[in-house]
Amino acid sequence: MDTRSACVLLLTLIHLLSSISARDFLSAGSSLSVEHSSDVLHSRDGTFSCGFYSISPNASTFSIWFSRSSERTIVWSANPLHPVYTWGSKVKLDADGSMVLKDYNGQIVWSNNVSTSGAGHIRAQLLGNGNLIVKGKGGAILWQSFDSPTDTLLPTQSITAPTKLVSTNRLLVPGHYSFHFDDQYLLSLFDDEEDISFIYWPNPSSTIWEKLRVPFNSTTSGILDTWGHFLGSDNVTFTAADWGPGIMRRLTLDYDGNLRLYSLNKADRTWSVSWMAFPQLCKVRGLCGENGICVYTPVPACVCAPGFAAIDPSDWSKGCRPKTNISCDVQKVKFAKLPHTDFFGYDMTTHRFVSLDFCVNKCLHDCNCKGFAYWEGTGDCYPKSVLLGGVTLHNLGSTGTMYIKIPKGAEVLEASIPQSQPFGPKYGPDCSTANKYSIADLLDMLKRDQSTPTESWNQRLESSKMKLEGEHQALYTKES
């Protein structure tokens, strides 16, 4: 072999080796391109991958996903609100430690906001726990994706006071549910509407003692360990039904507002739910949007209140709009009676020990009142300014009834009155009745929560932290 051929071979080998190593880490000055499917970072054990994820033929996000699930499962995205074009876009690691995502036209869509002078040997690496890190001199971590979760928390990843999970749909568009610490330092699920946020887990009507939580803890942290046990500084705790080591898991706030712990089946590479915050999905607040009502058919489903129609049947979180405008003139409105139904929240006031006629008149003469819940057994009256969080359940109470304003000339068919049939057949389409309300099935998988050890919460939290710190150190040492 002559000298020229040897040089060509050497250069080819160097290029090949650099391409292979680029799959393990990204060095300063290097980039990942959206056009090249091979421009992907892999964790050394092959569990996770990081690169451009196509959400449509023309749009992509810079994301991290499980490599071993049958369908690509996203666990983190840098730019869910601002997808980039699937041509000409790239993410580049600069010598100062900044990682920058640019669209095809050079516009900066996302950055890790790192700028370190004299940082030394800069590189980005995807660890075996799914954490994308940027390392500087001496292996110091300058930035990590674990500090900015999207909708998923991975084992060994902490949720802290500054961070939160936000639900996303299949196109990674953020929804209106979030999971984070509230102003009492309690880990809670929030329904974030346009003007106000409501806590719907733990049950806001329960006392702090009924919630089994400890408020105002100076330490705000929640951790899912590698065995499938979650422990928060406020005493919130839950455990996977398949508790134990060696199982890939993720804690995800799904688009329907339910917080679920998933486990990966190694045989068929599919996910199964091993814990969930709401076994009864209709209890998730705002699931069916404004003027929508959740019923069991027996599976959870959304329907519109009488006199309303779905805004987007493919996304019931958008709720329902009135078929005709509802007048403020008391002579032009009436009330539709919805037994065993309530809209939780937005109570304008509370009237105790009053008659039904009193409640009718109060709402009728208030243009801001959309309806009212009335409990005949106690005479409680709750006028509503917004019809949100609707649910029909027979266990709400023997005589709890919702009355909503509708135009006086509107016909209320019996078929349009929401009914739950938890043990009956599913609702089917009825093409003969034009006013039948539409049904949208929702996911509902029942799993029982597991019991937890009885040692003190602080000891368990400290034990979990020490255990996870050891796992972090072992993982970092192994992959460095």
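In this predicted model, Trp87 has a relative accessibility of 55% and therefore counts as exposed, since that label applies to values over 50%. Trp87 is found in the loop that lies between strand S7 (84–85) and S8. Together with Tyr85 and Tyr104, Trp87 forms a nonpolar patch on the surface. The accessible area of these three residues together comes to about 380 Å².

Strand S8, which follows the loop of Trp87, also belongs to an open sheet. This sheet has four strands in the order S2-S8-S9-S10, and their pairing is antiparallel. Its edge strands are strand S2 (31–33) and strand S10 (108–111), each of which pairs on one side only. From one strand to the next, the twist averages 15 degrees. A helpful pairing to trace in the structure above is that of strand S8 (residues 90–93) with strand S9 (residues 99–102): the two run antiparallel and are joined by four bridges. Within this pairing, Lys90 stands opposite Lys102 in S9. As a reminder, strands of a sheet pair through backbone hydrogen bonds, and the pairing can be either parallel or antiparallel.

A further open sheet is built from four strands in the order S16-S17-S18-S19, again with antiparallel pairing. Strand S16 (165–168) and strand S19 (197–201) stand at the edges; each has a single partner strand, so one side of each is left without a neighbour in the sheet. The twist in this sheet averages 30 degrees from one strand to the next. The edge strand S19 pairs with strand S18 (residues 187–192) in the antiparallel sense, over four bridges. Here a reader can look for Asp192, which stands opposite Ser197 in S19.

The last stop is Ser221, which has its place in strand S20 (residues 221–224). With a relative accessible area of 7%, Ser221 is buried, because values under 20% are given that label. Ser221 also shows how positions separated along the chain can be compared in space: Ser221 and His180 are 41 residues apart in sequence, while their C-alpha atoms are 9.8 Å apart. Ser221 and Trp87 thus make a handy pair to look up in the structure, because Ser221 is buried, whereas Trp87 counts as exposed.

Terms used:
Residues numbered from 1 in each chain as written. Predicted model: local features only at pLDDT ≥ 70, side-chain atom pairs only at ≥ 80, totals over all residues. Heavy atoms only, no water. Pairing = 2+ DSSP bridges. Axes fitted to C-alpha atoms, helices over the stretch in contact; angles between N-to-C directions. Buried < 20%, exposed > 50% of the residue type's maximum accessible area, 1.4 Å probe, protein only. Patch = residues over 30% accessible without salt bridge, like charges linked within 9 Å, V, L, I, M, F, W, Y side chains within 5 Å. Areas by Shrake-Rupley, 256 points an atom, 1.4 Å probe, with all protein chains shown as cover. Salt bridge = Lys/Arg side-chain N within 4 Å of Asp/Glu carboxyl O.
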